Amino acid sequence: MNDTDNLEKIAFTMQLYPGQTEEYQKRHDNIWPELSKLLTQAGVRDYSIHLDTKSHKLFAVLWRVKNHKMDKLPEHPVMQRWWAYMADIMVTKADAKGLISQANKAQPSLNEPVITPLTTVFHMM
């Protein structure tokens, strides 16, 4: 049995605000241990985020177990705190709805980044 038999890969994009590259890198260099633990508990096994410096588009790829619990992440207080922490440097659901990110303490899910799922068109192992 291959190690990847129980894993699935997903990819998606997010949008960073211009001029926020260094801050985004700094915050991820100091990722909270409780967030790393939460992602691992949710089934994430490998996660990387890449940046197109011209468009400020973030490209994320992660491997997760097939019976993951990532659908529960938006409800978790640690995830909500991380999203609130990141809301000032990237496009969020609040921005997509024309709302102000800082005003979304009553609806923490509005701080969630806008993600665009990507379709795999080529894969070589």
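Me: Which residue in the turn of the E2-E3 hairpin has a positive phi?
Reply: This is a predicted model, where local features need pLDDT of at least 70 and side-chain atom pairs count only at pLDDT 80 or more, while totals for chains, interfaces and linings use all residues. Residues are numbered from 1 along each chain as its sequence is written, and side-chain values use heavy atoms, leaving out hydrogens and water. Helices (H or I, at least four residues) and strands (E, at least two) are DSSP runs numbered from the N terminus. Four residues lie between E2 and E3, and the one in the turn with a positive phi, about 65°, is histidine 56.

Me: What pattern does the protein chain follow along the sequence?
Reply: The chain has four helices and four strands. Read along the sequence, they follow β-α-α-β-β-α-α-β.

Me: What is the order of the strands in the open sheet?
Reply: Two strands pair if DSSP finds at least two bridges between them. Strands of a sheet pair through backbone hydrogen bonds, either parallel or antiparallel. Here the pairing is antiparallel, and the four strands have the order E2-E3-E1-E4.

Me: Which are the edge strands?
Reply: An edge strand pairs on one side only. That description fits strand E2 (44-52) and strand E4 (116-117).

Me: How many bridges pair E1 and E3?
Reply: Strand E1 covers residues 7-15, and its methionine 14 has leucine 58 as bridge partner in E3. The two strands pair in the antiparallel sense, and the bridges number nine.

Me: How many bridges join E2 to E3?
Reply: One of the partnerships sets tyrosine 47 against leucine 62 in E3. E2 and E3 run antiparallel, and the bridges joining them number eight.

Me: What is the bridge partner of threonine 13 in E4?
Reply: E1 and E4 run antiparallel, joined by two bridges. In E4, threonine 13 is partnered by threonine 116.

Me: Is arginine 64 buried or exposed?
Reply: Arginine 64 sits in strand E3 (residues 57-65). Buried means under 20% relative accessible area, exposed over 50%, partly exposed in between (1.4 Å probe, protein chains only). Arginine 64 has 15% relative accessibility, so it counts as buried.

Me: Which side chain makes a 2.8 Å polar contact with the side chain of arginine 64?
Reply: A polar contact is a pair of N or O atoms within 3.5 Å; within protein, one must be able to donate a hydrogen and the other to accept it, and residues adjacent in sequence count only if both atoms are side-chain atoms. A contact of 3.4 Å joins the side chains of arginine 64 and histidine 68. The 2.8 Å contact is with the side chain of glutamate 8.

Me: Why do the buried residues of H2 line one face of the helix?
Reply: Helix H2 (residues 33-41) buries Leu35, Leu38 and Leu39. They line one face because, seen down the axis, they fall within a limited arc, taken from the directions from the helix axis to the C-beta atoms. That arc is 95°.

Me: Against which elements do the buried residues of H2 pack?
Reply: On the other side of H2, Pro33, Lys37 and Gln41 are exposed. Contact means heavy atoms within 4.5 Å. The buried residues pack against E2 and helix H3 (77-86).

Me: What positive phi does glycine 43 take?
Reply: Glycine 43 comes just after H2 and is among the residues touched by arginine 64. Its phi is about 110°.

Conventions: Lists of a residue's contacts leave out its neighbours within four places in sequence.
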